Amino acid sequence: MGALLALCAVLLFVGGPDEHWTRSMRQGWQFGHVLLFFVLARLALPRLQARLAAWAAIGVVLFGAGLLGLLVEWLQGFV
């Protein structure tokens, strides 16, 4: 799971579709964001549920995903 997380994080900033990719491949590339945040949530949620109530852990994961998503999109503007 850690290797998948590292790969997804690197691919946010390196590579990407060019004019030779088909439309479906370009759209599939955008799915990488969903995959990254799924892996992050999957890793974080059990650890948070051990310390917090289930509803609080889910809230923390959703808030963190939103905040991290904003940060990633902002950073991608510089790459």
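Are Trp 74 and Phe 78 buried or exposed? Both residues are exposed, and we'll come back to them near the end of the tour. Before you start clicking, keep in mind that this is a predicted model.

**Stop 1: the whole chain**

Start with the protein chain in cartoon view. You'll see three helices and zero strands, and reading along the sequence gives the pattern α-α-α. The radius of gyration is 15 Å, well over the 12 Å that the globule rule gives for 79 residues, so the chain is more spread out than a compact globule. Turn the C-alpha trace around and you can follow that in its dimensions: about 50 × 25 × 20 Å along the principal axes.

Now switch on the surface. The accessible surface comes to about 5900 Å², and carbon and sulfur atoms account for 72% of that area. Of the 79 residues, 14% count as buried. As for contacts with a separation of 6 or more, 56% of them come from residues 24 or more positions apart.

**Stop 2: colour by confidence**

Colour by pLDDT next. The chain averages 85, and 100% of the residues score at least 70. Among the elements, helix α1 (residues 2-11) has the lowest mean, at 78, while α3 has the highest, at 89.

**Stop 3: helix α2**

Select residues 23-49, which is α2. This helix has 27 residues and reaches 40 Å from its first C-alpha to its last, close to the 39 Å expected at 1.5 Å a residue. Show side chains for His 33, Leu 36, Phe 37 and Val 39: these are the buried residues of α2. What lies over them? The cover includes α1 and α3, so keep those two helices displayed while you look.

While you're looking at side chains on helices, one bit of background is handy. An α-helix has 3.6 residues a turn, so residues three or four places apart point the same way.

**Stop 4: helix α3**

Move on to residues 54-76, helix α3. With 23 residues, α3 reaches 32 Å from its first C-alpha to its last, close to the 33 Å expected at 1.5 Å a residue. Pick out Ala 56, Ala 57, Val 61, Gly 69 and Val 72, which are buried. The buried residues of α3 pack against α2.

Zoom in on one of these, Val 72, in helix α3. Its relative accessible area is 8%, which is why Val 72 is called buried: the cut-off is under 20%. Which residues does Val 72 touch, leaving aside those up to four places away in sequence? Leu 12 and Phe 13. For a distance to try in the viewer, go from the C-alpha of Val 72 to that of Cys 8: the two are 64 residues apart in sequence and 12 Å apart in space.

**Stop 5: the segment after α3**

Step past the end of α3 and select Gly 77, which sits in the segment after that helix. Gly 77 is exposed, with a relative accessible area of 65%. Draw a C-alpha to C-alpha line from Gly 77 to Gly 15 and you get 14 Å in space, for 62 residues in sequence.

Phe 78 is in the segment after α3 too. Its relative accessibility is 60%, so Phe 78 counts as exposed, the cut-off being over 50%. Try Phe 78 with Gly 66 as well: they are 12 residues apart along the chain, and their C-alpha atoms are separated by 19 Å.

**Stop 6: the aromatic pairs**

Last, show the aromatic rings. How many aromatic pairs does the structure hold? Two. Go to Trp 21 and Trp 29, whose ring centres are 5.6 Å apart with the planes at 80°, so this pair is edge-to-face. Trp 21 has 26% relative accessibility and therefore counts as partly exposed. Trp 29, at 27%, also counts as partly exposed.

Trp 74 and Phe 78 form an aromatic pair that is edge-to-face as well, at 4.9 Å centre to centre and 85° between the planes. That brings you back to the opening question, with Trp 74 and Phe 78 both exposed.

Technical notes:
Residues are numbered from 1 along each chain as its sequence is written. Side-chain values use heavy atoms; hydrogens and water are left out. Helices (H or I, at least four residues) and strands (E, at least two) are DSSP runs, numbered from the N terminus. The expected span of a helix is 1.5 Å times one less than its number of residues. Buried means under 20% relative accessible area, exposed over 50%, partly exposed in between (1.4 Å probe, protein chains only). Contact means heavy atoms within 4.5 Å. The radius of gyration is taken over C-alpha atoms; the globule rule is 2.2 Å times the number of residues to the power 0.38. Accessible areas come from the Shrake-Rupley method with a 1.4 Å probe; for residues, only the protein chains shown count as cover. Rings of Phe, Tyr and Trp (its six-membered ring) pair if their centres lie within 6.5 Å; planes under 30 degrees apart count as stacked, over 60 as edge-to-face and the rest as tilted. pLDDT is the predictor's confidence in each residue, from 0 to 100.
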